Amino acid sequence: MWNRMLVRKRHAAGQRRGINMISAIVYTSETGFTQQYARMLSEETGLPAYSLDKVPEPRGGREIIYMGWLCAEGIAGYQRAASRYRVRAVCQVGISFPSEEGLNKTRKRYNIGSEIPVFALQGGLDVKKLHGAYRVMMR
């Protein structure tokens, strides 16, 4: 609870000073695990959480936290989010146990600077919720 109040106070203070602040959590989720994490983070911070496809009024320069599921191609939706918004933190959610090596690969693959925190959370796999080629590959 005190974390939520502190984030809101800092956010309000930043807005009064005209500083760009993180305004939302944006995510891409295939089977629901990333969405659950985004909602949990939203509850703790007071920031709204939106699916990348359903963000109201996308604006260039808007600062966000991006959360995406990890697939063979990398973090789903990251490049699209990075082209629309200023990503201030990245969280990848995958079925494997998070590792420092995996975070370094992500940072290198997407050219994410050291000033941007990159996190990993362990998700899960629900083959019944996969779509298209992903479902076929996992059978």
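This is a short walk through a predicted model, starting at one strand and moving out to the contacts around that strand.

Let's begin with strand β3, which covers residues 63-71. Most of β3 is covered, with 8 of its 9 residues counted as buried. What does β3 pair with? On the parallel side, strand β1 (residues 22-28) pairs with β3 over 6 bridges, and strand β5 (residues 86-94) runs parallel to β3 and is joined to it by 7 bridges. If you would like residues to click on, try Val26, whose bridge partner in β3 is Tyr66. For the β5 pairing, look at Ile65, which stands opposite Ala89.

Strand β4 (residues 74-75) also pairs with β3, but here the two run antiparallel, with 2 bridges between them. The connection from β3 to β4 is a hairpin through 2 residues. Cys71 in this pairing stands opposite Gly74 of β4.

Since we have arrived at a cysteine, it is worth pausing on the sulfur chemistry. A disulfide is a covalent bond that links the sulfur atoms of two cysteines. How many disulfides does the model contain? The count is 0. Cys71 is buried, at 15% relative accessibility, and Cys91 is buried too, with a relative accessible area of 6%. Both values fall in the buried class because that class takes in anything under 20%.

Now back to Tyr66, the partner of Val26. Tyr66 is buried, and its relative accessible area is 0%. The ring of Tyr66 forms an aromatic pair with that of Tyr78, with the centres 6.1 Å apart and an angle of 65° between the planes. This pair is classed as edge-to-face because its angle is over 60 degrees. Tyr66 lies in strand β3 while Tyr78 belongs to helix α3 (residues 78-84), so the contact ties together parts that are 12 residues apart in sequence. Tyr78 is buried as well, at a relative accessible area of 9%. The model has 2 aromatic pairs in total, and Tyr66, Tyr78 and Tyr110 make up one aromatic cluster.

The charged side chains come next, with 3 salt bridges in the count. One of them joins Asp53 and Arg80, whose closest N and O atoms are 2.3 Å apart. This pair links distant parts of the chain: Asp53 sits in the loop between β2 (49-51) and β3, Arg80 sits in helix α3, and 27 residues separate them. Asp53 is exposed, with a relative accessible area of 60%, whereas Arg80 is partly exposed at 36%.

Another salt bridge takes us back to the parallel strands. Arg86 and Glu63 have their closest N and O atoms 2.8 Å apart. Arg86 lies in strand β5 and Glu63 in strand β3, so the pair ties together parts 23 residues apart in sequence. Is Glu63 buried or exposed? Glu63 is buried, with a relative accessible area of 9%, while its partner Arg86 is partly exposed at 36%.

The last stop is helix α4 (residues 100-109). Here Glu101 forms a salt bridge with Lys105, and the closest N and O atoms are 3.6 Å apart. That distance is counted because the cut-off for a salt bridge is 4 Å. The two residues are 4 apart in the helix, so about one helical turn separates them. Both Glu101 and Lys105 are exposed.

Conventions. Residues are numbered from 1 along each chain as its sequence is written. This is a predicted model: local features need pLDDT of at least 70, side-chain atom pairs count only at pLDDT 80 or more; totals for chains, interfaces and linings use all residues. Side-chain values use heavy atoms; hydrogens and water are left out. Rings of Phe, Tyr and Trp (its six-membered ring) pair if their centres lie within 6.5 Å; planes under 30 degrees apart count as stacked, over 60 as edge-to-face and the rest as tilted. Buried means under 20% relative accessible area, exposed over 50%, partly exposed in between (1.4 Å probe, protein chains only). Two strands pair if DSSP finds at least two bridges between them. A disulfide is a pair of cysteine sulfur atoms within 2.5 Å.
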